[in-house]
Amino acid sequence: MIALNVNRRQYSVDVDPATPLLWVIRENIGLAGTKYGCGMAQCGACTVHIDGEAVRSCVTPVSRAAGKIVTTIEGLSADLSHPLQQAWIAEDVPQCGYCQSGQIMSAAVLLRENSKPTDSDIDDAMSGNICRCGTYPRIRRAIRRAAQLMASGGAK
Amino acid sequence: MNIATGMRRRDFFKAGAALGGGLLISFYLPELSGTSETDRAKETFAPNAFIRIGTDDSVTIIVNKAEMGQGVYTSMPMLIAEELEADWSRIRVESAPVDPAYNHAVFGIQMTGGSTSVNSEWERLRKAGAMARMMLIAAAAQTWNVNAQSCRAESGYVIHAASNRRLSFGALADSAVKMEPPKEVVLKDPKDYKLIGKPTHRLDTPSKINGTAQFGLDVRIPGMLTAVLARPPVFGAKAVRINDEKAKSVPGVAAVVSVRAGVAVVASGFWPAKLGRDALDIVWEEGPNATLSTASLREQYANLAKTPGAVARKDGDPTQTLASAAKQVTAEYEVPYLAHAMMEPLNCLVDLRSDRCEIWTGTQFQTVDRAAAAAVAGLKPEQVQIHTTLLGGGFGRRANPVSDFVVEAVEVAKAVGAPVKVIWTREDDIRGGWYRPMWYDRLAAGLDAAGNPVAWTHTIVGQSILAGTMFESVMVKNGIDGSSVEGAAELPYAIPNVLVDLHSPKVGVPVQWWRSVGHSHTGFVVESFLDELAHTAGKDPYEFRRALLAHQPRYLGVLELAASKAKWGAPLPGGRARGIAVHFSFDSYVAQVAEASVADDGTVRVHRVVCAVDCGRVVNPDTVVAQMEGGIIFGLTAALKGEITLERGRVQQRNFHDYPMLRMNEAPDIEVYIVPSTEHPTGVGEPGVPAVAPAVANAIFAATGKRVRRLPVRASDLRKA
Amino acid sequence: MHIRWNWKRKTIAALLLGAASLWAGTGRLSTRGGSRVRADYPAGRPATVRTVSDDAAARAAFLAAAPVFTHPRCQNCHPAGDAPLQGDDSHPHAQSVKRGPDGRGKYGMKCSACHQLTNLPGANMPPGAPNWHLPPPNMRMVFVGRTPGELCRQLKDPSQNGGKTIHQIIEHVASDKLVLWGWNPGEGRTTPPLGHTEFAGLMNQWASNGAACPETAENR
């Protein structure tokens, strides 16, 4: 049994420790917001946080998350109040939406570490997340907007 | 698949009829056949198949189009809400069940594709909204015992201003049910639009940023198993010997079953299913496709391109004029097979019982899938219900002519006797075929002494998408698959002598429509070659196009808008150069100007793309902009990176490391400008794609003097010697 | 960069042959001089303080070891710029990964976002080892495009090597798990031209002979 803390809730799962965290989150815990896109850390659709750091859950053995704090898109905010979510709505970022959980989880680490990201910072933070619909220009704008929201205290 | 093209529109009607889909006239508002899940509580006012108004004031719009990113879960409700005068904040969206009521208003089957959703629903959904509004007003008028003419609807209420009374739609739902549906509806004057034409936030965004949006891959039902298939290494190969001992010993693996598509490992979840699949030991009989290679196909195609094909268009005497022209230009162009690579890999969940079958999947092709599933299940189509989930991208792949991803899932479920979700790995998806065809084109043109083109010949070689499908009989005419020559046969330039002909070799690689279909290749070829002619004539490529499009006002409109916004002709910094292209597809006109630079090592950087689009009247301008942005990124990925190749019958690519996508650090700045128009609304999902590759290739030529005639662009061809 | 690497590989191969003969000679010399320098010094054991300064032997040993540093498995995380490289052609890392403030990547693209403690099964899967990282920006330890002489001087320079003594450098190349990963790089990846034991032995040779750096014109 592996003990996991996901979005501030305790779980105990009976899986092979080598199983990718992605499938444990999706199938054992039942949180489907984290997506499968490539299975080899190429696309970023599966991005979650372990102790606040982004990881590609499709290549992360569940054993690595044992005893750590896992946060998924469902745990980002209960009510769409996170500045990134507000900015994503304001800029109408998603098209198909499949990659957006991962995009937002990557952007969250960026803004935590750099409250005023430049274009080049956004490139450095976001180039691991593929969007086949091509929402990159809007993701860029939304990250800037979220940074402004945070600076002005407009969102928690 | 341009629906404005009369011929093809009729053809699709026939195709629909052939599929057993009922024919609908746009202005007929269908009612449900009565057996579906939307046949709900009696207190609900459901005046037609698209609207349900609850006594709690909820307004549910049933959308018959698959939401794959193109914004139909917002644009379709906008059409209805505009005429219904609903409170936009109360609108909820539900995906339509499979029912003839939801057939494509033009194509006659239930499907999403061809950039036709707004184009084809423009009249019908506004009328659906107006009809409901009139019934609500009639109910209120009766309640108040006043003349309906003295009442109006606004933001979810019917209002009688004279007596200062109002009733909400919910309060009127019960009595509206009893009203006689109006025989005729009057639609709003466009100047009174409150929603249409205004940038409107997408209704599906909140669910897509908090993890609640449900894609096919996310659906779970009790007792469900998960399957991953070992698929043939060569198209059409058959498993002749299967050793599944190791696969079955993987904890969690429940069964190994053979289906036509391959060998399925069925397990408690994806991971054991995948481990089991990887542990299978299969001997394949590879069949005739085992010798396929890109190199030999190129050679074959190049030879074919030198011979005359089936004639798709002939004006004047192109051959003779060409021979006697003052200057001749010839060139060969080629583009590779491309995979759709939607972010959500294909998947399909099937719950098959003795008397019914329920399917959950993200599909663009409900009528076709249902018929195919029913045939495999041994049921009638009416016994099969498809729940269309959100699609994590479609781009055409989820409208498969043989319903491949649905049929195999039904077969697996049938073999296992339990609900099963088949999940494709990314490798399965990239290697699974149904590609945009590989194309090889040979062009020649003659210029007169003044540099004006007088003859144009264009021979196209590539597989037909429609051949061998149920659409062939009605959509392939005289050896011409319209989708093979679209964008080439309707060459808009004022050239008096034109020949466009086609070879459609049969190759064992499954091919399919891929965002913008034939235009994805003809846009590149035609607009690049035209650029060659401009340079040969010593003319500015923009002015050259303008002169040849003098009689094409809507082409000119986008061309001039894009050029002026891009400041065509103004100096650019640091090795950058501009390229321009204009293309008509899906009844919309798009011009793009790309700014690119080429590093010494041949690496191309696209800095900026300016896009002008004329898609008639616009429903949601923000969606038009988003679709152009997305189309440009999609087209750039193909132009700069995309390539599926074959060796010994095997696809050489398998995941995003060797079939790469454009990433954030490579995405250009994109500006989109919309030409104001009161014409009928036309497509936006695909028309953003075709112009970007030639705009970039033409910019590369302007920057380096090197002509890109083969995609993807290769740094090795552009490296400084 | 690519072209240069090919050129260098040939040169280095030639040097390696030369070094091997020199090395044999050194062995004889050493025996005659009664010193304790050996070609077969066990890997993993740091050089002792009892070094004898034999510049020619040290240079020869370093020249022989140098191709390891510029093999893709090693140089890909010792790039000239701020982005790690990938593959045997040392192309820029696909996700535009950056070195970051401490060599561990940046923002949501820290090395550990994808690289685990061990390699993952399957071709092209992210390789893994404990403490996966690049040198930090204040101590970049560039291998790409460096001649053996440049590599050697950089390695010895405390201001460029993180204040390490020669002893610590030898310990590092002999036993650091990330260094050792180069010889266990996961499915489909080539390994450096020398075995790790051989490499560590040569580095020991270099150190115990006084750690002189190659000085000839073409190796400087």
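How many of the 12 residues of α10(B) are buried? In this predicted model, in which local features need pLDDT of at least 70, side-chain atom pairs count only at pLDDT 80 or more, and totals for chains, interfaces and linings use all residues, side-chain values use heavy atoms, with hydrogens and water left out. Residues are numbered from 1 along each chain as its sequence is written, while chains are lettered from A and ligands numbered from 1 in the order in which they are written.

Helix α10 of chain B covers residues 366-377, helices (H or I, at least four residues) and strands (E, at least two) being DSSP runs numbered from the N terminus. Its end C-alpha atoms lie 16 Å apart, which agrees with the 16 Å that its 12 residues should span at 1.5 Å a residue, the expected span being 1.5 Å times one less than the number of residues. Of these 12 residues, 10 are buried, where buried means under 20% relative accessible area, exposed over 50%, and partly exposed in between (1.4 Å probe, protein chains only). The buried residues of α10(B), among them Val368(B), Arg370(B) and Val376(B), pack against β15 (347-352), β16 (357-361), β17 (384-388) and α11 (404-416) of chain B, contact meaning heavy atoms within 4.5 Å. After the helix comes Gly378(B), with a positive phi near 75 degrees.

The largest nonpolar core, defined as a set of buried Ala, Val, Leu, Ile, Met, Phe, Trp, Tyr and Cys residues joined through side-chain atoms within 4.5 Å, has 281 residues. Those with the most contacts inside this core include Trp88(A), Leu84(B) and Ile359(B), and helix α3 (residues 117-144) of chain B supplies the largest share, 13 residues. Apart from this core lies another of 29 residues, including Ala58(C) and Leu194(C).

Between chain B and chain C about 350 Å² is buried, 42% of it on carbon and sulfur atoms, buried area being the accessible area (1.4 Å probe) that two parts lose on being put together, summed over both. On the chain B side, Arg654(B), Arg663(B) and Asn665(B) lose the most area to chain C, together 82% of what that side buries. The contact takes 4 residues from chain B and 5 residues from chain C.

In chain C, Ser159(C) is placed in the loop between α4 (148-156) and α5 (166-175), and Ser159(C) counts as exposed because its relative accessibility is 55%.
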